[in-house]
Structure formats: C-alpha cells, structure tokens
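Visitor: I'm new to this one, so could you take me through a single part up close? A strand and its partners would suit me well.

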Amino acid sequence: MLSRLARLSLRKSLPLLLGLFAVVFTLLLTTLYLPRAIDRELHAWRSHTDQLLALLQNTLSDHLRHGRLAELETALSEFAGLQGIRWAMVTDPQLRVLATTRLGLVPRHLGVAAEQLKALMASGRPAWLEHAGRRYLAILPLDRKLQGNTGNGETLLVDLDFNPLLDRTRFEAWLYLGQTLVLLLLLGLLLNRLYHRLITRRLARIDRAARRFAADHDQRPRPATVEGHDEIGQLAGTFNRMMSQLHERQQALQNSERLMRELFDSSPVGMLVVSCSLCIEQANPAAAVLFGCAPADLPGKRPRDRLLKGESLRRLLRTPANTPVELTGLCQGRELPLEVTWTPFVRDGSRHYLLLLRDISERLQAEQRLRFLAHFDPLTNLANRHYLVQRLEQLLATRTPLSLLFLDIDHFKRINDTLGHEVGDHLLVEIARRLTRLVPDQVLVARSGGDEFLLLLARRAAEQARELAETLLRDFKTPLQVGQYECFLTPSIGIANCDGQGDATDLLKQADLALYAAKDAGRNRLAVYSHPLGEAAEHRLQLEHELRRALDLREFTLHYQAQVDDQGRPQVMEALLRWHSPTRGLVLPGEFIPVLEESGMIIEATRWVFREACRQARRWAGQGHALRIAVNLSPLDFRQADLAGSLLAILEEERPPTGSLELEITETALLDAGDDVQQTLARLKAAGMPLLLDDFGTGHASLAYLQQFPFDGIKIDRQFVAGLPESEHSVALVRGILTMARHLGLHVVAEGVSNERQAAFLRLNGCPSLQGYHYCRPQPAEDLERIWIRESSSSLQPWGH
C-alpha cells in the first residue's frame with residue numbers, strides 16, 4: 001500500500017491518505033465507540049437511579065412508619081418530576097394503591113401479571129423488570145425490617161424510561177463523528193496546500209532564518225522549520241545546529257560576564273579591582289559601604305586614600321597572594337578593622353589585583369567575648385577558676401607568698417530548690433558584689449562554680465587572710481535582698497597559706513580540705529589548712545583504697561550481738577560488720593563504716609552482709625538454734641535502683657529458714673523518702689522480714705515514720721538507756737516510748753544496756769528485748785557456738801558472771 005502511494009504525487013497521496021483514515025475512523029467509531037457509549041450511559045443512569053431510589057425508599061419508609069400520607073404524596077410527586085421517571089406509586093401487599101403520581105393508575109394495569117408482581121413484592125428484595133424496550137419497572141420494599149422475609153410491607157413501584165436518554169447519547173455520538181470528519185476534511189485541505197508549496201517554502205524559511213540570525217546575534221535564533229530527510233531537510237538541520245552553537249557560545253560568554261558582574265556587585269565582601277599603577281578601577285557596593293561612600297566615588301583613587309598608612313597597600317602586596325592581612329580602614333572618620341586579601345590576574349594584557357576586604361569587627365568582638373568567657377564567669381563577671389589558676393601559677397613561678405580562701409555558701413541548694421534557679425542566680429550575683437566590696441584592692445575574687453568562690457591574696461600574711469575570712473563571716477550575718485525575698489546565708493571558708501613554694505593544684509587541694517574541715521565542724525566558720533588535715537586526707541584516701549581491696553579479697557567478717565528476752569534467752573542476733581586488715585589488724589567500725597558510706601561501697605558491703613547472714617541463719621537452724629539475725633541497712637542502700645529486688649534475689653539464692661532475718665533501718669535513711677522507699681519497705685516486709693526503726697527518738701520525725709512506714713518494732717537509742725535509772729529525764733522518755741509501743745503493738749529493743757540497774761529497770765517497765773555489753777559483746781559466730789556447746793544452755797548470763 002505504501003509503495004503504491006509513493007508512486008503518486010504529493011498532492012494526490014495526501015488526500016488519499018486522509019480519506020482512508022476518515023473511513024477507518026468512521027468504522028471504528030460506529031462499531032466500537034457508539035455501543036460502548038450507550039452501555040456506559042445506560043449503566044450510569046441506572047446507578048444514578050439506584051441511588052435516588054435508595055434515598056426515596058428511606059424517605060417513604062419513614063413517612064409510612066409515622067403515617068404521614070400527605071408527605072408521602074409530596075415525596076412521590078417530587079420524585080416523578082425527575083428525568084426518566086414516568087410514574088411512581090406505593091401499594092400494599094394486596095396491590096392497593098396508597099399513593100401515586102398519576103390518577104387512575106392501577107397496579108393490575110401495568111402490563112405485569114398480578115401474581116408475578118405479588119411474588120416479587122412478597123420476596124422483600126428490590127427487583128427490576130424490563131417490560132418494554134429500555135423501559136423498566138422498579139420494585140422496592142419500603143419496610144426495611146421485613147426485608148429478607150416473605151414480607152408483608154408496602155412496596156414502591158416506579159416506571160423508568162431510559163429511551164430519551166439513550167437517544168440523546170446516540171445523537172451526541174453521531175454529532176461527534178460529523179464534527180471529527182469535518183475537522184479531518186479541513187486538515188486535509190491544509191496539508192494539501194502545505195505539500196503544494198513544500199519546496200519553495202522550505203527554502204524560503206532557511207533564507208529567512210539566516211537573515212534573522214545575521215541581523216541580531218543576541219536574540220535566540222529561530223530555527224528553519226523544514227521537515228524531511230532529503231537534501232533540503234539535511235541542509236536545514238545543519239544550518240539550525242550551526243546557529244544554535246554560535247548562539248550558545250555567545251550566550252555563555254555573556255552569562256559568564258553577567259555572572260561575574262553580579263557576583264562582584266552582590267558579594268557581601270568588599271572587592272576592589274586595582275591596576276598595576278595601584279589605582280582603583282572598579283569597586284563593588286560592599287566596598288563602598290565599608291568606606292562610607294558611594295561606589296562611584298572609589299574608581300580613579302588609590303586604596304591608600306582610604307587606609308590609615310600610605311604604605312599599607314605595598315606592605316600587603318609584599319605578602320604572599322591569598323594571605324589575609326589585618327589593616328585599619330576609615331569609615332566616615334572612624335577606624336575600621338579590615339582583613340584584606342589580594343589576588344593577581346591579567347586583564348587586556350596588563351597585570352591587575354583583586355582586593356577582598358572584610359569587616360572583622362564582629363569577629364574581633366566574638367574573640368574578645370570568647371577570651372572573656374575563657375577567663376571570667378558570665379553570670380557574676382568575676383574571674384573563673386581557670387583564670388585564677390593561671391594567676392596562681394604566675395605568682396608561684398615568682399615565689400610570691402600568698403593565701404587562698406575557698407568560700408562555699410552553706411545549704412545553697414535549698415534556695416534553688418525552694419525559690420528557683422533564677423532567684424539563685426540573682427543571689428549569686430549579689431554575693432559576688434558583696435565579696436568584691438569587702439575584699440581589699442589587688443585581691444582576686446573568682447567563682448569556682450556553683451556557690452563556690454575563691455579569693456587569692458598575693459603578698460599578704462596568713463593573719464590578714466584570717467582577718468578577711470572573719471570579716472566575711474561577720475558581714476554575711478546581714479541578709480541579702482533579692483526581689484521580695486530576704487535571704488540569710490552563711491559561708492564556710494577554707495584557708496590555705498603558701499610561702500611561694502609548691503604548685504597551684506596542691507594549694508587548691510589544701511584550700512578544699514580546709515573548706516571541708518570547716519563544714520565538718522558545723523559550717524558558718526573558717527578552717528585553716530594544716531599538715532594534720534593533709535595527713536587525714538591521705539589517711540582517708542589510703543583507707544578507701546584498702547577498703548576496696550578488702551571487698552575484693554573478702555577481708556570482712558561478721559560479729560553477732562544477742563538481743564535477749566526478760567529471762568536472758570537470746571532471741572535475735574544482730575550482725576555487725578568487722579574488718580580484719582592484714583596491715584591494720586582489727587579496725588573499729590567507727591573508722592571504716594563512714595568511709596564505706598561516703599564512697600558508696602556500703603551498697604556492696606550490705607549485700608555481702610545480707611548474704612553471710614542468710615548463710616549463718618541456715619547453719620544455726622541446722623544446729624537447732626532457732627535465732628533470727630538482724631541486718632542493718634544504710635541510708636545509701638536506699639539510693640540504689642532496686643534494693644528490695646537485690647535482697648530478695650539473695651534470699652532466693654541462699655534460701656535461709658523463713659522468718660530468720662529481720663532488718664533495722666535508721667531514721668536517716670527515711671529523710672526525704674518518697675514512694676520508692678515506701679514500696680521497697682512494703683516488698684521486704686511482704687517477704688517475711690520484720691522491720692525495726694533503729695535509734696528511735698534521736699531524729700526529728702520518728703513518730704511520723706511509725707505512722708508512714710510499716711515498722712514492726714523500734715530500738716531505743718543507747719543515749720536514753722545510759723541515764724537509767726538515775727536520770728528522771730531518761731526515765732520519763734523510756735517509759736513514754738514503752739507505753740506508746742505497747743499501744744501501737746510494736747516490739748521494743750533497748751540497746752546499750754551496760755549494767756544490772758539498767759536491765760532491771762527495763763524489765764520492770766515491760767521492755768521485751770534487751771541488748772548490750774551487760775549480756776554479750778559482739779563475737780564471731782564460732783565463739784558463740786563454742787559458748788553454747790560449753791554451757792549447753794540457750795540462756796546468756798550477764799557479762800562477767
């Protein structure tokens with residue numbers, strides 16, 4: 001077919017091709033498009049009608065349920081007015097008309113057998129009956145409650161006629177076909193004319209394109225629109241590519257120049273183009289802003305006209321290229337720090353220089369701020385610890401005698417917790433002002449951090465440092481006013497003196513040790529460092545090291561002290577930790593227990609004690625001794641993540657007899673106790689371990705703790721027992737505690753019983769358990785077992801009998 005068309009002329013082949021295309025298009029449209037369009041239209045209208053019928057069904061059902069017949073007639077009338085609806089009626093199961101849109105219309109005259117119609121209505125399901133070409137009878141039950149049954153509800157009958165709609169669809173399809181054929185005809189005529197003038201017009205277009213490009217090189221070339229792959233088409237393509245390449249090269253050059261000009265003008269960095277004779281040829285607006293003038297004022301002048309020193313530019317050019325040099329410029333009579341960099345380049349065969357100028361005022365201010373922050377405290381503007389250490393090292397390097405005061409505000413954390421950190425910060429500022437006002441000139445005041453301050457006194461005697469510390473202590477008795485708050489503060493001050501020997505770290509350490517000595521002595525006082533303080537610190541550090549090793553090497557042991565009943569029979573053995581050091585021998589608990597608590601090692605030690613107590617209880621139970629073992633818990637034990645979980649895990653592993661252990665908790669452990677402590681004690685008590693409040697009566701809220709926590713008993717502190725029975729005060733307190741305990745159902749243990757008079761008084765007043773040297777000193781388990789075997793008795797005689 002194509003070969004035959006190629007034999008014809010272009011004027012004949014084009015109309016023939018268009019005619020064939022029109023015939024094929026018409027056949028496809030009538031055989032494929034038209035039936036599908038009619039089916040789509042029918043389906044769309046039927047779906048639309050279904051939706052309308054569903055809405056009408058709901059409305060009519062509601063009217064029927066409420067007996068609104070007038071509204072039923074109105075709804076049917078409005079529905080019948082829609083396109084494609086011939087009529088609509090509502091009938092009962094006996095085909096009696098309840099409402100209709102056409103008078104005289106009877107269901108038996110619808111062209112459908114009455115039996116068939118009743119059967120469809122009785123099914124309770126919607127149905128469509130095609131009773132004529134594209135005409136349908138829609139049957140919809142109105143009572144939804146009866147759907148799906150053989151129902152007795154009313155029914156909506158609707159006569160639908162889709163023929164007008166489908167006729168309109170056919171008309172629109174044929175109209176679309178006619179319009180398309182007309183367009184094809186017009187297109188054929190147009191293409192025929194184009195083919196008629198193909199050769200001449202193609203050549204003329206190439207000529208016009210060449211003339212336009214030659215006339216205006218800046219405009220984007222419009223290519224010669226010549227189709228085809230013959231010689232004329234190839235010529236047009238080659239010519240178009242040539243014009244495009246020439247234009248792109250020219251545009252690239254112009255864009256490069258424009259980009260450089262825009263970058264030069266919009267750069268935030270000042271730029272000057274300087275000739276080899278050191279005259280400014282070009283300046284951008286940023287450079288003009290730096291020098292406080294208009295850009296047009298700079299060309300033709302020399303940079304030295306705007307720099308302080310006439311030789312500054314030559315000095316700049318003697319430095320390596322692209323090396324920043326700091327110079328000083330002038331901006332409206334004021335000096336301006338500049339960072340200048342020069343780069344050589346060649347323009348029009350001559351050497352030029354590009355000068356980059358940056359205003360470094362902000363950078364210098366930032367550097368100054370960083371230097372300030374590196375040496376000063378931003379809150380109080382005092383020197384910081386780093387600066388003080390530097391100054392201290394300088395003085396020590398010149399062997400200058402000096403004194404260092406380390407000042408700490410007592411209980412400052414309470415202010416932050418109660419009044420907030422903002423008030424705390426204002427208070428620190430006021431403290432800094434007071435210190436600055438009170439100290440003599442040449443005394444360096446620094447903030448070490450938090451509420452700690454350092455005062456460095458150079459070339460001052462130790463007596464002067466002490467006098468200054470005493471002055472500070474007196475002056476701080478006056479409260480500080482911060483907003484509406486009047487704050488009473490007390491400082492603790494540590495003093496370290498130096499004759500110019502040593503180093504800064506040692507001196508700071510000495511002042512720190514003196515400060516802690518002042519705090520240990522009761523706060524609001526001063527302490528001067530002495531060699532005993534240093535030796536005590538070294539001793540404590542060595543002791544801490546040995547204690548860590550003792551935990552690893554299991555150098556600890558347990559001694560047991562009995563708690564006896566009124567007949568002297570032991571009921572409970574209190575486990576007491578002892579340390580047999582290879583170098584120190586037997587170390588007293590008062591020496592190493594505080595170190596264990598301060599270092600946090602007490603947590604590991606408590607776990608070891610509890611485990612050993614479990615094992616000992618199991619051994620004694622096997623020997624026939626039904627004794628409970630009391631284990632003391634440290635306040636630090638309650639700070640671990642899961643104290644109850646740790647102890648219960650040890651119980652599960654060691655499996656001592658049930659009820660063979662009890663726990664003693666000091667009041668200190670309950671200070672600031674939260675829900676976690678309450679839950680911990682509840683879990684331990686639920687595990688079958690009685691809880692006793694140790695050192696009862698020595699704290700501030702012992703009675704409140706008895707009400708708040710589930711204690712089973714209390715231990716009367718030894719300081720109340722020591723005065724019995726001579727001290728009336730002790731007698732009254734002990735009797736009151738015993739009376740209260742009986743009413744509360746609490747077990748009572750009196751500790752520190754050292755003689756028979758004390759024991760007799762306690763037994764006479766009904767104290768159930770006694771403990772002290774009068775009955776038994778703390779002893780290893782092996783020694784107790786030997787005594788039990790020797791005496792073959794379960795009672796203990798008073799000590800020394």
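Guide: Sure, and one term comes up right away: two strands are said to pair if DSSP finds at least two bridges between them. Keep in mind that what you see is a predicted model.

Let's settle on strand β19, which covers residues 556-564. This strand is mostly covered, with eight of its nine residues buried. On one side of the story is strand β20 (residues 570-581), which pairs with β19 in the antiparallel sense over nine bridges. To pick out one of those matches, look at A562: its bridge partner in β20 is M573. The two strands form a hairpin with five residues between them, and there G568 takes a positive phi near 85°.

β19 has another partner to look for, namely strand β28, made up of residues 779-780. Again the pairing is antiparallel, this time over two bridges. Here you can find H559 standing opposite P780 of β28.

Once you have found the strand, here is some of what lies elsewhere in the model. The largest nonpolar core has 79 residues, and F610, L663, I665 and L762 are those with the most contacts inside it. Helix α18 (residues 602-623) gives this core its largest share, ten residues. A second, separate core of 32 residues includes I409, V439, F476 and V482.

Back in α18, you'll also find T606. T606 counts as buried because its relative accessibility is 5%, and buried means under 20%. Leaving out residues up to four places away in sequence, T606 touches N632, L633 and D637.

Technical notes: Residues numbered from 1 in each chain as written. Predicted model: local features only at pLDDT ≥ 70, side-chain atom pairs only at ≥ 80, totals over all residues. Heavy atoms only, no water. Core = buried A, V, L, I, M, F, W, Y, C linked by side-chain atoms within 4.5 Å. Buried < 20%, exposed > 50% of the residue type's maximum accessible area, 1.4 Å probe, protein only. Helix = DSSP H or I, 4+ residues; strand = E, 2+ residues; numbered from the N terminus. Contact = heavy atoms within 4.5 Å.
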